[in-house]
Every structure is written in structure tokens, then in C-alpha cells.
Amino acid sequence: MADAIIERSIVRKIIENASRIPSPYTYIGTDGLKHCSRCHGLREHTVKVDGVFNGIKVPCICACMQERYDASLESQRKKQLELKIMEYRSLGFAERRYESMTFDADANAGSKLSNAMKRYCDNFDKFKERGLGLLLYGPCGTGKTFYAACIVNRLINSGRPAMLTNFARLVNQVQATKFENRQDFYDSLARVDLVAIDDLGVERGTEYMTEQMELIIDQLYRAGTPMVITSNYSPEWMMREQELRRKRMYDRILERCHAVEIAGESKRIQAGRQNHWPVHKELGLSGGEDASGTRAAVLRLNYFRTK
């Protein structure tokens, strides 16, 4: 008796749920069942529940209703992804300027280096399984931070939690966390799919800073979290380090981060060269005599004269 009641309840639930779904017009087919006027698929079928119902007609979903249902699910999925991306973006960048550093804004798009950074993102699942990241090293202003931000942006846009920060900010966050909660902070950091740390080597060289840096890298290393590290230090320079804590930290970085040199002239100097003479002229310093008969000063810097 109890089973019959349960079966009856299931059938009624099916009928209720199906009847709530908006439907196009229907017609009765030669089989005696309702069909969709749009796709001509079945809008009802018969079910048999032994001992309770026999041959009862139950509403069902036709192909075009299924398409609308799938489209609704996809729309919801996209909205959820957009909300997730907004959350990851708000948490992922220490500075808002990084949000505009994307592969779409890459002046060297199509270059071997740019394509390599994109391939890292495209194959991130494989690299993440192995805990492998990148060490982007080279002189100042060559685009190391830009490509680190490009990678973080690409991952966030695909719905992955990723962040770009620096050691000074991380250590400040550690200091602001109660001692008994610090392991929770390290654990939450390690749960991010990728952590990019900018400008390794510019932080203060105190014993406390070195200790915290080594601890952060060790936590990420043990968790297998991929890291993207940018630095002016080359792998050869890191391997020559003798101080124990830094040596341990560099060893972990070199094991888990594939070294990629980003060389060339500083993009900041290039921008300065491009902007120098127009601004110089705008300030009235491009030569000629002023009202008092004195000549305007002309700034002459050798690197603005090159190229």
C-alpha cells in the first residue's frame, strides 16, 4: 500500500512539473497523443504503474522545449560565470591597472614570446597537474609584469581563481592576520589555481621579510600551486645565492617555474622617447627666443636621440 502511494505521488509530481513548462500549441496525432505544432515531437506519452495506473497519459518535453530549457541553463551558466569572474577579478589584483593588461592589448601579439605565454594558458590544466609555473626574468621595463598580468587575466576570464600580487603586499597581509589564523591565510592562498608574484628582489632584505617570503613560497610549493614569478634576477644569479633561506626559496622557484628570459629595451624608455619632444614643444622648450630675448632651454638626453 505504501509503495502504491509513493508511485502515485511520483506520477503526480511528473505531471505537475511538466505542466508548468511553457509549451507551444499542440495537436492530437494519429497515435492519440499530443504533439508539438512546432517540432511535431511528442508532448505526452503513456506510462504504466502496475497496480495503480495503467496507460495514463503524462506530459513530456518535446525537442524545441528541450532546446529552450538548455538555452535557459546556458544563460544561467553564463551569468554565474560572469559573477564568478567579477569576484575573482576583485580579489585577484593588487592594483586595478593590471586588469587592462591582456593579450588583446599586447603590442607584440604574434611574437614567439607572446604565443608562448598564450600556450601556457591554453594548456594550463596540464601544467597545473604538475604544479609548473613560469619565472619571467630580465631587465626593468621589458614586459615581465605585463605578461604575468595577461596570464592571470586569461585564467580569470576562463572562470579560474588566480591572482597577481607582490611579496610586500603578501607579508603585510600576514602581519594583519592574527597569529592563530595565519595558517588559514596560507591555505587560502595555496587554493588559488595560480599565484603570480611580481618583482622578486625589490622587497626589503630584512631577516623577517626573507623568512616570510620563504614561508610563502614553501606553502605554495608543498600545495603544488603553479606560480608565475617576475624578477630582474636570472636563474644563474639565484643559483649563486649563499644565504640559506633565500637559497631554499630560489631552489623551489627554479624547480617549479620554467625560466623565460624577457629581454630588450625598456618599454618605459620607449614611451618616454616617444612622448619627449611633443611635450618639450608644448612646454615651449623647443628653441626660439622668448619675450625677454633669452633662449628657451632644451633638454638633451642621449637615449631620446637614439632610434
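Let me start with a helix contact in this predicted model, where Leu 113, Ser 114, Met 117, Lys 118, Tyr 120, Cys 121 and Asp 122 of α3 come up against Tyr 147, Ile 151 and Arg 154 of α5. If we sort the residues of this contact by class, we find 6 nonpolar, 1 polar and 3 charged.

As for the geometry, two packed helices are described by the angle between their axes and the distance between those axes. Here helix α3, which covers residues 112–122, and helix α5, which covers residues 144–157, pack at an angle of about 30°, and their axes lie 10 Å apart. Because angles under 35 degrees count as roughly parallel, α3 is described as roughly parallel to α5. The crossing in which α3 passes α5 is right-handed.

Now I would like to turn to a pocket, namely the second largest one, whose volume comes to about 370 Å³. Its lining is made up of 18 residues, and those closest to the centre of the pocket are Leu 91, Gly 92, Met 163, Gln 173 and Val 192. Which elements give two or more residues to the lining of this pocket? They are α2, spanning 63–92, β6, spanning 162–166, α6, spanning 167–175, and α7, spanning 182–190. Of these, α2 gives the most to the lining, with 5 residues.

By class, the lining of this second largest pocket has 11 nonpolar residues, together with 5 polar and 2 charged ones.

Conventions: Residues numbered from 1 in each chain as written. Predicted model: local features only at pLDDT ≥ 70, side-chain atom pairs only at ≥ 80, totals over all residues. Heavy atoms only, no water. Axes fitted to C-alpha atoms, helices over the stretch in contact; angles between N-to-C directions. Helix = DSSP H or I, 4+ residues; strand = E, 2+ residues; numbered from the N terminus. Parallel < 35°, antiparallel > 145°, perpendicular 65-115°, else oblique. Left-handed = near helix turned anticlockwise from the far one by under 90°. Contact = heavy atoms within 4.5 Å. Nonpolar A, V, L, I, M, F, W, Y, C, P; charged D, E, K, R; others polar. 1 Å grid on protein atoms, 1.4 Å probe; cavity = no way out; pocket = protein on both sides within 12 Å on 5 of 7 lines; lining within 4 Å. Points joined across faces, edges and corners; volume = space filled by probe spheres on them.
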